[in-house]
Amino acid sequence: MSQDIQILAIESSCDETAASVVVNGREVLSNVISSQIDIHTLYGGVVPEIASRKHVERINQVVREALKDADRTLDDMDAIAVTYGPGLVGPLLIGVSEAKALSFATGKPLIGVHHIEGHISANYIADRTLEPPFACLVVSGGHTHLVLVEDYGVYRILGRTQDDAAGEAFDKVAREIGLGYPGGPKIDKVSKDGDPHAIEFPRGKVTGSRYDFSFSGMKSSVLNYLNTCRMKGIEISVPDVAASFQQAVVDVLVSHAMWAVEEYHLDKFALAGGVASNTALRAAMKAGCEERGVRFYCPPPILCTDNAAMIGCAGYYDYIRGERSGLDLNAKPGLRLGEK
Ligand code: KG4
Ligand code: ZN
């Protein structure tokens, strides 16, 4: 009999309905992602009620497809893992209800997974040799965390954003310069035609932990710049504004990451979350790590943005530690990293 642990994972914390089958935490047999971006684009951002409704419509099909792509049945699964927070409460509840129903019907154990732990774990899939300890910068639409991963499931948060998340700042600036939603990938693309040093936007300053971040001031200075140009009739170069804003965000993220590398004498550094797909951030982080002899890890874009494979990976390490959730598992929209 095979000793492999096969996990069916479900993710629905925002606007992606996703399911995946993962073997022994690191081997992805299927990774089905049904994105709702087209619908939310019409409204300029994620509308939670619409997201919930779309998850309900799609989740059964997505789970079925994930099993089919993996050439497995529910019977083959050892456990059902699901994101239960943080995220939007309605969307989270759809995934949690689906996973509870599958667990109840099959008698398979249920494992509630932390969404950010999932993002970090995407690195274990991308590089099967990666083991803790390492540092990870988690940058997504909802989160900006600089974390020391001391062991599987053991995290020490060095810094977090005090206001907007990095991805949120990308999305808001993109909207202001007319690029639409989701802004991150569009700023990334248009920046390639711009000068990152055309406009010197201030790098966000914070009080408190030197590892904390602040992006709302940076976003406001972009808005002020745009208003001033409009008032004075100065022509706005969208590629220059995008590239200069992106450079400011990247500078702050990389400098904080490198302080951590130096203070904690780290030899491994990982990126995670949707913004980790950003080409300027990846390049700058890689260069910073190489200069200091630090090994740099970054998942491919498909594992950076929301997906269920990363949840299956995190769920596997919870599973082998003996962690199980009851059928009373509830969505926890404000769940913090390290919290149950
Ligand atoms: O991790 P994710 O899919 O969802 C959350 O958990 O938030 O991240 C989505 C965020 C969005 O804000 C999106 O604009 C940003 O990631 N993003 C990017 C890029 N691709 C996605 N930001 C900058 N550059 C990119 N290439
Ligand atoms: Zn996410």
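Q: What makes H115 count as buried or exposed in this predicted model?
A: Look at its relative accessible area, which is 4%. The cut-off for buried is under 20%, so H115 is buried.

Q: And how do you know whether H119 is buried or exposed?
A: Run the check again: H119 has a relative accessible area of 1%. With buried meaning under 20%, H119 is therefore buried.

Q: Why are H115 and H119 separated by about one helical turn?
A: Because they sit 4 residues apart in helix α4, which covers residues 115–126.

Q: What makes H115, H119 and D306 donors of the zinc ion (ligand 2)?
A: It comes down to distance. Their donor atoms, NE2 of H115, NE2 of H119 and OD of D306, lie 2.0 to 2.1 Å from the zinc ion. A donor has to be within 2.8 Å of this metal, so these three residues qualify. Along the sequence, their spacing reads H-x3-H-x186-D.

Q: Why is the site of the zinc ion (ligand 2) called tetrahedral?
A: The zinc ion has 4 donor atoms, with angles of 95 to 134° among them. Four donors count as tetrahedral if all angles lie between 85 and 135 degrees, so the label fits. For comparison, the ideal tetrahedral angle is 109.5 degrees.

Q: Now for the helices: why is α8 called roughly parallel to α9?
A: Helix α8 (residues 238–263) and helix α9 (residues 279–291) pack at about 30°, with axes 10 Å apart. Angles under 35 degrees count as roughly parallel, so α8 gets that description relative to α9. Their crossing is right-handed.

Q: Which residues meet where α8 and α9 pack?
A: Among them are Q246, V250 and L253 from α8, and A280, L281 and A284 from α9.

Methods:
Residues are numbered from 1 along each chain as its sequence is written. Chains are lettered from A and ligands numbered from 1 in the order in which they are written. This is a predicted model: local features need pLDDT of at least 70, side-chain atom pairs count only at pLDDT 80 or more; totals for chains, interfaces and linings use all residues. Side-chain values use heavy atoms; hydrogens and water are left out. Donors are N, O and S atoms within 2.8 Å of the metal (3.2 Å for Na, K and Ca); water is not among the atoms, so sites may look incomplete. Four donors count as tetrahedral if all angles lie between 85 and 135 degrees; four count as square planar and six as octahedral if opposite donors are over 155 degrees apart and all others between 65 and 115; anything else is irregular. Helices (H or I, at least four residues) and strands (E, at least two) are DSSP runs, numbered from the N terminus. Buried means under 20% relative accessible area, exposed over 50%, partly exposed in between (1.4 Å probe, protein chains only). Axes are lines fitted to C-alpha atoms, for helices over the stretch in contact, and angles run from 0 to 180 degrees between N-to-C directions. Angles under 35 degrees count as roughly parallel, over 145 as roughly antiparallel, 65 to 115 as roughly perpendicular and the rest as oblique. A crossing is left-handed if the near helix is turned anticlockwise from the far one by less than a right angle, and right-handed if clockwise. Contact means heavy atoms within 4.5 Å.
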